[in-house]
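Work through the exercises below with the sequence and the structure open beside you. Try each task before reading its solution.

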Amino acid sequence: MTHDTDDTEDRVSEPVIRLHGVRAELGSRPVLRGIDLTVARGEVVALLGANGSGKSTAVRSIIGQVPVSAGEIDLFGTPRHRFRDWSRVGYVPQRTTASGGVPATVTEIVSSGRLSRTRFGLFRRADQDAVRRALELVDMTDRARDPVDALSGGQHQRVLIARALAAEPELLIMDEPMAGVDLASQEVLARTLREQVDAGATVLLVLHELGPLEPLIDRAVVLRDGCVVHDGPPPKAVGQHALPGHDHVHPHAPTGAEPLRTGLLS
Amino acid sequence: MELLDYAFMQRALLAAVLVGVTAPAIGIYLVQRRQPLMGDGIGHVAMTGVGLGFLLNTSPVWMATAVSALGAVLMELIRWYGRTRGDIALAMLFYGGMAGGVMLVNLTPGGSNANLSSYLFGSLSTVSPSDVTAISILAAFVIVVTLGLRRQLFAVSQDEEFARVTGLPVRALNLLVAVTAAVTVTVAMRVVGLILVSALMVVPVAAAQQLTRSFAATFVIAVALGVTVTIGGTVTSYYQDVPPGATIVLLTIAAFIALTALAAPLARRRARAASAAQPAREPAECAIPATRSAGDEVGA
């Protein structure tokens, strides 16, 4: 879904995310080998690639979780190390990172996403309302007082998205939001994302396959071995009704040789 | 209550209540971070502080506070930088701290390990008025941090990566948790002793979460339980002439066992109530496994 909003000038002047020549190592192994990536305001960009291609490392470098050895990262036109306006960014990590050793309710988890909008962590009525709205967006209001441990994988993912939405961010960064999510939750997630995009949100998604989010995506950036090998329109599905995962991008295929397909399982 | 007529018992009970509040209050964040034994490590390091206090003839409580805070910061730094050898470095710190304490006490003129034992196992009846002052000031600090910053500490202890993206000063907050835990260890040192201090940080929290479903309720019940067992242990030790520290810890563990036994029927009743209240809530969920592996691919 493309955006024909009237902020064309804004788009040209200030990309929301800009990576230039970004390199990163995990241990001594290079994971990103000079990546360029730009996400304009209102754009929905999917970061695709096989396991180990560096796509997760790329988003984690954007949020400052992975140290970068070279290159520049700008968020909203500000170098990342000087960027302080974190309430403009909503981050949805891979589901595995979020679990504590003490029970916590859905509301407690989602509330922590609102902290960036509060002063000294003091919650006002407006903050409580924002948390409630975020839960409504992902259709989890009836589970608000349940412990997160009692949720299914898909419901847990919806909670993590509500947590990111609680700050009412302009930019959503999501790492594999559809991984391990049941069908009912996938539909809720796709609908939630569509509503955010319609409201003007900018989205960067790490995806294993385009899947049910395909109609939302403006542009796809494909990584292979830490390099960008495709940056353009989302790869056309070959056989629209082919099952996801049916087509594979062969990891050893020459750079940009084949059109990329929906099922980027490798 | 005749025991309240004695000044030493008033001091002992006040100290016990302060420990009952502070130990679970900071312990809950350590449990949430899955580092429940951090208090134990700090307790070992604090021994060097106690020994240093004897050697320099200053207050062991304040010296232990300074040294264990330093040790806690060091542990936190090791956690950041020492990815691979972190556990080895922590072991060095623990045992070095304990050995240092024993060595320093024996270097003190006229000192022997007997002086240490009141810090190792607690010595409630010898809590002096100046100890009470120190314990009260330190406990106030712990309460202000654990309650005043509860949302921030919750977020950082729950999901560090996400907390960073909300702009929280994650490193500063982690250091604050470490230092607050160190302060709590020295608050509890005179009551339950350095060896047993970790029990009061961890076991009331573990016991509370047998019953609870939210962080807030876990916090409240853990602190209530902490106060109950510290008062109960202190009073018991007055009438029965048993060591208060050990009594308190054994009472805590008994409470854990009792609450665990109580939790099973409670959970069954909750499950029944939930299924009765919402019979048609997302029926499809029943057919879908509660957890999936990350690699599970479900196409539309």
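**Exercise 1: A loop residue in chain A**

D225(A) sits in the loop that links β9 (219-224) and β10 (227-232) of chain A. The model is a predicted one.

Task: State whether D225(A) counts as buried, exposed or partly exposed.

Solution. Step 1: a residue is buried with 20 or more other C-beta atoms within 10 Å of its own, and exposed with 12 or fewer. Step 2: D225(A) has 16 C-beta neighbours inside 10 Å, so it counts as partly exposed. Step 3: look at the backbone too. Most residues other than glycine have a negative phi. D225(A) is not a glycine, yet its phi is positive, about 50°.

**Exercise 2: Two loop residues in chain B**

Task: Find which loops hold N57(B) and R213(B), and classify the exposure of N57(B) and of R213(B).

Solution. Step 1: N57(B) belongs to the loop between α2 (38-55) and α3 (60-81) of chain B. Step 2: N57(B) counts as exposed because it has 8 C-beta neighbours inside 10 Å. Its phi is positive, about 60°, although N57(B) is not a glycine. Step 3: R213(B) lies between α10 (197-208) and α11 (215-240) of chain B, in the loop. Step 4: R213(B) has 18 C-beta neighbours inside 10 Å and therefore counts as partly exposed. Step 5: leaving out residues up to four places away in sequence, R213(B) touches P103(A), T105(A) and P147(A).

**Exercise 3: A sheet and its helix**

Task: Give the strand order of the open sheet of 4 strands in chain A, then describe how helix α2 of chain A packs on the sheet.

Solution. Step 1: the order is β2-β1-β4-β5, with antiparallel pairing. Step 2: β2 (29-39) and β5 (78-79) of chain A are the edge strands, each pairing on one side only. Step 3: β1 (residues 17-26) of chain A is joined to β2(A) by 8 bridges, and these two strands run antiparallel. A24(A) has L32(A) in β2(A) as its bridge partner. Step 4: helix α2 (residues 55-62) of chain A packs on the sheet and touches β1, β2 and β4 (70-75) of chain A, with its direction at about 65° to that of β2(A). Step 5: 8 of the 8 residues of α2(A) are buried. Just after this helix, G64(A) takes a positive phi of about 85°.

**Exercise 4: The nonpolar core**

Task: Name the helix that gives the most residues to the largest nonpolar core, and list what L47(A) touches.

Solution. Step 1: the core has 168 residues; among the members that touch the most others are L47(A), I173(A), V19(B) and A188(B). Step 2: helix α1 (residues 7-32) of chain B gives the most to this core, 15 residues. Step 3: not counting residues up to four places away in sequence, L47(A) touches K55(A), A58(A), V59(A), L204(A), L205(A), V206(A), L207(A), V221(A) and L223(A). Step 4: K55(A), A58(A) and V59(A) are buried residues of α2(A).

**Exercise 5: Confidence and annotation**

Task: Say where the pLDDT of chain B is below 50, and compare a UniProt span with the helix content of the model.

Solution. Step 1: chain B averages a pLDDT of 86, and 90% of the residues score at least 70. Step 2: the pLDDT is below 50 over residues 279-290 of chain B, and it stays under 50 over residues 293-300 of chain B. Step 3: an unreviewed UniProt entry lists several spans of chain B as "transmembrane region", including 62-81 and 127-149. Step 4: residues 62-81 of chain B are 100% helix, with end C-alpha atoms 29 Å apart. Residues 127-149 of chain B are 87% helix, with end C-alpha atoms 30 Å apart.

How values were computed:
Residues numbered from 1 in each chain as written. Chains lettered and ligands numbered in written order. Predicted model: local features only at pLDDT ≥ 70, side-chain atom pairs only at ≥ 80, totals over all residues. UniProt positions renumbered as here; feature names shortened; annotations may be inferred. Pairing = 2+ DSSP bridges. Contact = placed C-beta atoms within 7 Å. Axes fitted to C-alpha atoms, helices over the stretch in contact; angles between N-to-C directions. pLDDT = per-residue confidence, 0-100. Core = buried A, V, L, I, M, F, W, Y, C linked by C-beta atoms within 7 Å.
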